[in-house]
Amino acid sequence: MTQNLINAIEKSNRIKMSVRYLGSRAYLVITPAKHEYVVRFETQDGLRYGCCSCRAGSKGLAYYHLPKAALVDTAIQTMSH
Ligand SMILES: [Zn+2]
């Protein structure tokens with residue numbers, strides 16, 4: 001795990017964000033500052049890939065929106081199995 005990802009996970013645990021499921025493994029993440037980002041996931045060869053509509057996400061960096069949405073994605077994937 002990269003330091004960037006570790007930081008992102010820690011930040012996602014500290015900040016209260018709401019995550020709304022949009023369907024097709026897309027999630028709307030709303031930050032306390034009322035910024036809205038869309039996070040999408042796909043699974044390839046058993047690995048999960050996520051991308052976020054925010055600026056950090058478009059550079060391929062893990063930002064705190066992503067692990068937050070990943071928690072919800074994991075819950076939904078688990079329920080649907
Ligand atoms: Zn993001």
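A nonpolar core is a set of buried Ala, Val, Leu, Ile, Met, Phe, Trp, Tyr and Cys residues joined through side-chain atoms within 4.5 Å. Buried means under 20% relative accessible area, exposed over 50%, and partly exposed in between, with a 1.4 Å probe and protein chains only.

This is a predicted model, in which local features need pLDDT of at least 70 and side-chain atom pairs count only at pLDDT 80 or more, while totals for chains, interfaces and linings use all residues. Residues are numbered from 1 along each chain as its sequence is written, and side-chain values use heavy atoms, with hydrogens and water left out.

**The core**

The largest nonpolar core has 14 residues, of which Val-39, Phe-41, Cys-52 and Ala-69 touch the most other members. At least two residues each come from strand 2 (26–30), strand 3 (36–44) and helix 3. Helix 3 supplies the largest share, four residues. Helices (H or I, at least four residues) and strands (E, at least two) are DSSP runs, numbered from the N terminus. Not counting residues up to four places away in sequence, Ala-69 touches Val-19, Tyr-27, Val-29, Val-39 and Phe-41, where contact means heavy atoms within 4.5 Å.

**The sheet and the helix across it**

Four strands form an open sheet in the order 1-2-3-4, with antiparallel pairing. Strand 1 and strand 4 stand at the edges with a single partner strand each, so one side of each has no neighbour in the sheet. From one strand to the next, the twist averages 25 degrees. Two strands count as paired if DSSP finds at least two bridges between them.

Strand 2 pairs with strand 1 over five bridges in the antiparallel sense, and strand 2 and strand 3 likewise pair antiparallel over five bridges. Within strand 2, Leu-28 is the bridge partner of Arg-20 and also stands opposite Val-38 in strand 3. Ser-18 stands opposite Ile-30 in strand 2.

Because five of its five residues are buried, strand 2 is largely enclosed by the rest of the structure. Ala-26, Leu-28 and Ile-30 are buried on one side, and Tyr-27 and Val-29 on the other.

Helix 3 lies across strand 1, strand 2, strand 3 and strand 4, at about 55 degrees to strand 3. Axes are lines fitted to C-alpha atoms, for helices over the stretch in contact, and angles run from 0 to 180 degrees between N-to-C directions.

**The hairpin loops**

Most residues other than glycine have a negative phi. Two exceptions are tabulated below.

| Residue | Loop | Phi | Relative accessible area |
|---|---|---|---|
| Ser-24 | between strand 1 and strand 2 | about 55 degrees | 69%, exposed |
| Lys-34 | between strand 2 and strand 3 | about 70 degrees | 66%, exposed |

The hairpin of strand 1 and strand 2 has two residues between the strands, and that of strand 2 and strand 3 has five.

**The zinc site**

The protein donors of the zinc ion are Cys-52 (SG), Cys-54 (SG) and His-65 (ND1), at 2.0 to 2.2 Å from the ion. Donors are N, O and S atoms within 2.8 Å of the metal (3.2 Å for Na, K and Ca); water is not among the atoms, so sites may look incomplete. Along the chain, the donors follow the spacing C-x1-C-x10-H. Cys-52 lies in strand 4 (residues 47–52) and His-65 in helix 3 (residues 65–79), so this pair ties together parts that are 13 residues apart in sequence. Cys-52 is buried at 9% relative accessibility, and His-65 is buried at 0%.
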